Amino acid sequence: MAIGDIIVGIDMGTSKISAVVGEVNNFNQIEIISSSTCKCSGIKKTKIINEEEVSNSISKAIKDIEMEAGLKINSAYVTIPGKYVTIVQNSIVKEVRDKYAGVSVRDVQTAIMQVKDIEVPEGKHLIDIVPDRFILDNGKVSDDPVGSLSSSFTLKAQIILADREYVKQVSSIFKKAGIDVDGLVPTTLAERNLILDVNELHDNIMLLDIGAGNTDIGIFEGSTFTYTNTIPVGGNSITNDIALVLNISEEEADKLKRQYGLALKSFIDNDNDILLNTYKGDNKNKTIKSSELIEIIEARIEEIFTLVNKDITNQGIKQRINNVILTGQGITSINKSDVAGKINLNIPVKISTGRLISTVKPSYRVAYALVRYIASRPFTKTVSSSIDTRDDEGFLKNMIEKIKEFFYS
């Protein structure tokens, strides 16, 4: 981490925009300077349907932070849903300049800039380089080979590409809000080090972030980021189902979901009567059994896991997953959702128990994870967001320059 760097992270969710500003302190930890969230209805099923609405929500979240923290924010890092991301695995063998002096910073920096030289498909844009691991000439695997006596090393890395049109759309939205984009980071990649515990970081894991409108999939084989995608259903889908089937308001549907949240009808202890306060039919004293409510919840949760199962099966990666970790406000409040996941996926499933999870409010969790991810980037000299006025340059050019600045020169 670069001590003193101030990093701004923004998560563009389907129900809200969340922003976190953090500073790297002398103990290489992130100190939260300020955070803000603003409701947003401009994104549906990962698609930006109202740029003006999203831009205004970003502006409001940023202005709230600026007023609280006394900062002028001009740039930020932003999450990107897995739907718009392509991961390319690449590796190169790098000869060390002076094998008697050991692997130098320059050797590593050159290798990282060379490993990104792939043929980028039409319609894609490079947004990130993730150095995975270094293998020395004696076969030893290292996260940081600098100083190791080796005549050569192999760098394995993930090259992260994004849909160019989505990148341009995000650029346009942030430009309207007066904010430059420092970089785009896949949601589950940003979350990994926050959501997973120490043992899970070395396992073959599928991270499922079930939010309000989307379910983001991230698959990690040890430290290797292998796959990501987005399923356009989430917690709001459950709320909408309850409101539609029971003919009540969405506000009451959401309240009932939280109050009686249970993923499997077979776990009901007491099938209580529920009075529907906003029932739109003729019977103003309409009551139902709690089992009727939970049956609606169960059906939608089953669908979410079924869609995830279909996706990873079609990708041919299901058999390599050892464990599934659940996170996200759309699911973790629903009891036995992990059991429902195990039944439908036939893979062990658990709610995230990462040690830092409980220290961060759920509404800011992804934005905070993004700040931590950027701060912990290996081989960086500076990752600070801009809090000073700077000239406006083309976004795509800025993106490439920011990637270059990630690494030692």
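Axes here are lines fitted to C-alpha atoms, for helices over the stretch in contact, and angles between them run from 0 to 180 degrees between N-to-C directions. With that in hand, and bearing in mind that this is a predicted model, the helix pairs can be taken in turn.

Start with helix α6 (residues 250-260) and α7, which pack at an angle of about 100°, their axes 11 Å apart. Angles of 65 to 115 degrees count as roughly perpendicular, so α6 and α7 are roughly perpendicular to each other. On the α6 side the contact is made by L256, K257 and Y260, and on the α7 side by S290, L293, I294 and I297. By class, that contact divides into five nonpolar residues, one polar and one charged.

Helix α7 (residues 290-314) also meets helix α8 (residues 337-345): the two axes come within 9 Å and cross at roughly 45°. That makes α7 and α8 oblique to each other, and their crossing is right-handed. From α7, the residues involved are I301, E302, F305, T306, V308 and N309, while α8 brings in S337, A340, G341, N344 and L345. The mix for α7 with α8 is five nonpolar, five polar and one charged.

A third pair is made up of helix α1 (residues 51-69) and helix α3 (residues 164-176), with axes 8 Å apart and an angle of about 50°. Again the outcome is an oblique arrangement, this time of α1 and α3, and again the crossing, that of α1 and α3, is right-handed. Here E51, E52, V54, S55 and I58 of α1 face Q169, S172, I173, F174 and K176 of α3 in the contact. Sorted by class, the residues of α1 with α3 come out as four nonpolar, three polar and three charged.

Some of those names turn up again in the hydrophobic interior. The largest nonpolar core has 66 residues, and I10, M12, V54, I58 and F174 are the ones that touch the most other members. Helix α9 (residues 365-375) gives this core its largest share, eight residues. Which residues does F174 contact, once its neighbours within four places in sequence are left aside? The list is I10, M12, I58, V78, I179 and V181. Apart from the largest core lies another one, of 38 residues, with I210, Y227, A243 and L345 among them. L345 is also one of the α8 residues in the contact with α7.

Moving on to helix α4 (residues 187-195), T188 sits within that helix. Is T188 buried or exposed? Its relative accessible area is 0%, so T188 is buried. Setting aside residues up to four places away in sequence, T188 touches L207, D216, I217, G218, F220, F225 and T228.

Just past that helix in the naming, D197 belongs to the loop between α4 and β12 (204-210). With a relative accessible area of 21%, D197 is partly exposed, given that buried means under 20%. Not counting residues up to four places away in sequence, D197 touches K350, T353 and G354. As for V54, the α1 residue met above, D197 is 143 residues from V54 in sequence and 33 Å from it in space, C-alpha to C-alpha.

The backbone has a couple of quirks too. Most residues other than glycine have a negative phi. K336, though, has a phi near 65°, a positive value in a residue other than glycine. This residue, K336, is found in the loop between β17 and α8, and at 28% relative accessibility K336 counts as partly exposed. N346 is another case, with a positive phi of about 60° although it is not a glycine. N346 lies in the loop between α8 and β18 (349-351), and at 67% relative accessibility N346 counts as exposed.

One more loop residue is worth a look. G316 is found in the loop between α7 and β17 (323-327). Its relative accessible area is 29%, so G316 is partly exposed. How far apart are the C-alpha atoms of G316 and P378? They are separated by 31 Å, with G316 and P378 sitting 62 residues apart along the chain.

Methods
Residues are numbered from 1 along each chain as its sequence is written. This is a predicted model: local features need pLDDT of at least 70, side-chain atom pairs count only at pLDDT 80 or more; totals for chains, interfaces and linings use all residues. Side-chain values use heavy atoms; hydrogens and water are left out. A nonpolar core is a set of buried Ala, Val, Leu, Ile, Met, Phe, Trp, Tyr and Cys residues joined through side-chain atoms within 4.5 Å. Buried means under 20% relative accessible area, exposed over 50%, partly exposed in between (1.4 Å probe, protein chains only). Helices (H or I, at least four residues) and strands (E, at least two) are DSSP runs, numbered from the N terminus. Contact means heavy atoms within 4.5 Å. Angles under 35 degrees count as roughly parallel, over 145 as roughly antiparallel, 65 to 115 as roughly perpendicular and the rest as oblique. A crossing is left-handed if the near helix is turned anticlockwise from the far one by less than a right angle, and right-handed if clockwise. Ala, Val, Leu, Ile, Met, Phe, Trp, Tyr, Cys and Pro count as nonpolar, Asp, Glu, Lys and Arg as charged, and the others, Gly among them, as polar.
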